[in-house]
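Please examine the fold shown below, following the strands, the helices and the surface in turn. The account moves from one strand pairing to the next before it reaches the helices and a pocket.

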Amino acid sequence: MKTNLITPEGYRQLQQEHDHLWFEKRPEITKIVNWAASLGDRSENADYTFNKRLLRQIDRRVRFLRKRMPELKVVEYSPEQEGKVFFGAWVEVESEEGEVRAFRIVGPDEIYERNDYISIDAPMARALLSKQVDDEITVTTPHGQRLWYINQIEYRRNTEQ
């Protein structure tokens, strides 16, 4: 089950995606479908077939966004979070082998197309919650347990990450 948390930036991105699909992309594709349909035989009309499929994909995504967005809880930054790992934190961790990773803990709807974000539902994020700099955590993964040390915790406010 997905956690229904999202950062303010993530919510804005979902809203922008919805608006782009609904107000720009869908009307554009609808015009193409109507034009292609006016040419006659639709069964052999590649423009019609391709764009009709694209229109269905747009409609499916818009329906998903309209259903998902009201379920989401936007989590704003709070000064009480400083010094500990909570939702929205940028965290740098280091393994026993010296491997360093840096990422932001966000909602599951925000991790796509970003390799520097991890979901709050991920084992690493769960293990990090409420920890501080210099704490060590053990993360259980399909490949076994790994020990990590927290090097840095940062909250970046009012910026597009």
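In this predicted model, strand S4, which covers residues 100–106, runs parallel to S5 and is joined to S5 by three bridges. Two residue pairs illustrate this pairing. Arg104 has Tyr117 in S5 as its bridge partner, and Ile105 is partnered in S5 by Ile118.

Strand S4 also pairs with strand S3, residues 90–95, and here the sense is antiparallel, with five bridges between the two strands. Within this pairing, Val93 has Arg101 of S4 as its bridge partner. S3 and S4 make up a hairpin in which four residues lie between the strands. The turn of this hairpin contains Gly98, whose phi is positive, at about 95°.

From S3 the path leads to strand S7, which spans residues 144–154; S3 and S7 run antiparallel and are joined by six bridges. One residue pair that marks this contact is Val91 with its bridge partner Ile153 in S7. S7 is in turn joined to S6 by six bridges, and these two strands also run antiparallel. Here Val139 finds its bridge partner in Arg146 of S7. S6 and S7 form a hairpin as well, with two residues between them.

What order do the five strands take in the sheet, and is the pairing mixed? The order is S5-S4-S3-S7-S6, the sheet is open, and the pairing is indeed mixed. The parallel contribution can be seen where S4 meets S5, and an antiparallel one where S3 meets S4. The edges are held by strand S5 (117–119) and strand S6 (136–141), each of which pairs on one side only. On average, neighbouring strands of this sheet are turned by 45° against each other when direction is ignored.

The helical part can be considered next. Helix H1 comprises residues 8–37 and helix H2 comprises residues 46–68; they pack at an angle of about 155°, and their axes are 9 Å apart. Angles over 145 degrees count as roughly antiparallel, and H1 and H2 are therefore roughly antiparallel to each other. Their crossing is left-handed. Sorted by class, the residues in the contact of H1 with H2 are 15 nonpolar, three polar and eight charged.

The same two helices reappear at the largest pocket, as the elements that give two or more residues to its lining. The volume of this pocket is about 310 Å³. Which element gives the most to the lining of the largest pocket? That element is H1, with four residues. The residues lining the pocket include Gly10, Gln13, Leu14 and Glu17, together with Arg61 and Phe64. Also among them are Lys2, Asp109, Glu110, Tyr112, Glu113 and Arg114. By class, the lining has seven charged, three nonpolar and two polar residues.

Taken together, the model can be read as an open five-stranded sheet with mixed pairing, a pair of roughly antiparallel helices, and a largest pocket to whose lining H1 and H2 both contribute.

Technical notes: Residues are numbered from 1 along each chain as its sequence is written. This is a predicted model: local features need pLDDT of at least 70, side-chain atom pairs count only at pLDDT 80 or more; totals for chains, interfaces and linings use all residues. Side-chain values use heavy atoms; hydrogens and water are left out. Axes are lines fitted to C-alpha atoms, for helices over the stretch in contact, and angles run from 0 to 180 degrees between N-to-C directions. Angles under 35 degrees count as roughly parallel, over 145 as roughly antiparallel, 65 to 115 as roughly perpendicular and the rest as oblique. A crossing is left-handed if the near helix is turned anticlockwise from the far one by less than a right angle, and right-handed if clockwise. Ala, Val, Leu, Ile, Met, Phe, Trp, Tyr, Cys and Pro count as nonpolar, Asp, Glu, Lys and Arg as charged, and the others, Gly among them, as polar. On a 1 Å grid over the protein atoms alone, a cavity is a set of points where a 1.4 Å probe fits but cannot get out, and a pocket is an open set with protein on both sides within 12 Å along at least five of seven lines; lining residues have an atom within 4 Å of a point. Grid points are joined across faces, edges and corners, and a volume is the space filled by probe spheres set on the points. Two strands pair if DSSP finds at least two bridges between them.
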